[in-house]
Amino acid sequence: MKLTIGFSPCPNDTFIFDALIHHKVDTEGLDFEVFYDDVETLNQKAFRGELDITKLSYHAFAYAADNYILLDSGSALGFGVGPLLICLGNAEELQTKLSKVNSPVKIGIPGKYTTANFLLSLAFPDANNKQELVFSDIENAVLDGRIDVGLIIHENRFTYQDKGLHKILDLGDYWEKRTGCAIPLGGIVANRNLPLDVQQKINRVIRRSIEFAFANPKSGLEYIRSHAQEMSEEVMYKHIDLYVNDFSIDLGIEGKKAVKLLFDTALEKGIIPQISENLFLNP
C-alpha cells in the first residue's frame, strides 16, 4: 500500500523518517511517496486534505482536525524548544513597543498558522503588523531592515547570534512559565479517510523509525545532510537533539495534556474554532 507523506527537509524530520522512507525497519507493507515542504506549505496542504500523512503545526491542526487525526508518534514537543523573537536594534525598547495597543512594529512570521504565531499572539495580542515569510528568510529580512522583528524557528535559533541579532523573548519559555507544560510545536497526523487499522499501522511504523534512529543516530546522516541547506553536522545534530525526544516516540499523558491545554487556551482567546472531532488516535 502506497501512501503520500509530507514533512519538512529540516534535520528533525529527516532524522525521524529516514528509516521508514528507506525501509530500514519493517513498514508492514506500507510504502511512501514523500513531499518535502516548509511548515506553512504543509499546513495549507493539510487544510485541503491533500496528503495521507503529514507534519503540521499544532496551531494549524485546529483548522485541519476535520480531515486528520493526531498520531502518538512523530511530534515535536519539549522544553526550551520554542520560537524566538529577535531583532537587530534595542531588544528592550522593541519589547515595550510590541506591548502597546496597535503596535507599529513590523514582525516577520513563518506563517499565520504556525504554533510560533499562536504563541506570539498570546504574548503580544496587540502586535498585528505581521508579514509572512519563509522561515529561512526571516533573519536576513531583519538584517536588511525589511522587518523590525523576526519570529524564528528551527535551526535559526542556533545561528541568529552569529549574525549580530539579539533575542527579545523566548516564546517557548514564556509558555512554559505560564503553564508548566511542554510546548507543542508540530505533530504528525493521518487522514481520517484511512481505515483505522491503517492509521494504527502508520503510527507503529513511525515509532519504529524513531526508535531505530535513536539506536543508530548516524545511520541517516547522508540523507539528513542532503536536505540540510549547508548546515554543519554539529548544528544538524543540535537541531535533532532539541526537537526529537521521548515525546516524539509517544506523546503519552503529559504530551496529550500539553496539546489539550494549547487548544483550550487558543479556543478561550478566540484564536481557533471549536473542534468537534476527537483529536487523538489513541485518546
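How much space lies in the second largest cavity? I looked this up before anything else, in what is a predicted model. The answer is about 50 Å³.

**Entry: the second largest cavity**

I listed the residues that line the second largest cavity: Phe15, Asp18, Ala19, Ser209, Phe212, Ala213, Asn216, Pro217, Ser219, Gly220 and Ile224. I then assigned them to elements, and found that helix 1 and helix 8 are the ones that give two or more residues to this lining. By residue class, I noted six nonpolar, four polar and one charged.

**Entry: the largest cavity**

I searched the whole structure for cavities of 30 Å³ or more and got two. The largest cavity holds about 230 Å³ of space. I counted 20 residues in its lining, and those nearest its centre are Val39, Ile153, His154, Leu185 and Gly186. Two or more lining residues come from each of helix 1 (11-21), helix 2 (39-47), strand 3 (53-57), helix 5 and strand 11. Strand 3 has the largest share of the lining, with three residues. I sorted the lining of the largest cavity into ten nonpolar, eight polar and two charged residues.

**Entry: helix 5**

Helix 5 came up in the lining of the largest cavity, and I checked its burial next. Eight of the nine residues of helix 5 (residues 115-123) are buried, so I recorded this helix as largely enclosed by the rest of the structure. The buried ones are Thr115, Ala116, Asn117, Phe118, Leu119, Leu120, Leu122 and Ala123. I used under 20% relative accessible area as the cut-off for buried.

**Entry: salt bridges around Arg225**

I counted 19 salt bridges in the model. Which residues are linked with Arg225 in a network of salt bridges? I found Lys218, Glu222 and Glu233 in that network.

I took the pairs of Arg225 one at a time. Glu222 and Arg225 meet through their side chains, at 2.7 Å from N to O. Both residues sit in helix 9 (residues 221-226), three residues apart, which means that about one helical turn separates them. Arg225 also forms a salt bridge with Glu233, and there the closest N and O atoms are 3.1 Å apart.

I looked up the accessibility of these three residues. Glu222 has a relative accessible area of 54% and is exposed. Arg225 is at 35% relative accessibility, so I entered it as partly exposed. Glu233, at 30%, is partly exposed as well.

**Entry: Arg192 and Glu277**

I then turned to a pair that links distant parts of the chain. Arg192 and Glu277 form a salt bridge, with 3.8 Å between the closest N and O atoms. I placed Arg192 in the loop between strand 11 (183-191) and helix 8 (196-215), and Glu277 in the segment after helix 12 (252-268). The two residues are 85 residues apart.

Are these two partners buried or exposed? I found neither extreme. Arg192 has a relative accessible area of 21% and is partly exposed. That is because the cut-off for buried is under 20%. Glu277, at 35% relative accessibility, also counts as partly exposed.

Technical notes:
Residues are numbered from 1 along each chain as its sequence is written. This is a predicted model: local features need pLDDT of at least 70, side-chain atom pairs count only at pLDDT 80 or more; totals for chains, interfaces and linings use all residues. Side-chain values use heavy atoms; hydrogens and water are left out. A salt bridge is a side-chain nitrogen of Lys or Arg within 4 Å of a carboxyl oxygen of Asp or Glu. Helices (H or I, at least four residues) and strands (E, at least two) are DSSP runs, numbered from the N terminus. Buried means under 20% relative accessible area, exposed over 50%, partly exposed in between (1.4 Å probe, protein chains only). On a 1 Å grid over the protein atoms alone, a cavity is a set of points where a 1.4 Å probe fits but cannot get out, and a pocket is an open set with protein on both sides within 12 Å along at least five of seven lines; lining residues have an atom within 4 Å of a point. Grid points are joined across faces, edges and corners, and a volume is the space filled by probe spheres set on the points. Ala, Val, Leu, Ile, Met, Phe, Trp, Tyr, Cys and Pro count as nonpolar, Asp, Glu, Lys and Arg as charged, and the others, Gly among them, as polar.
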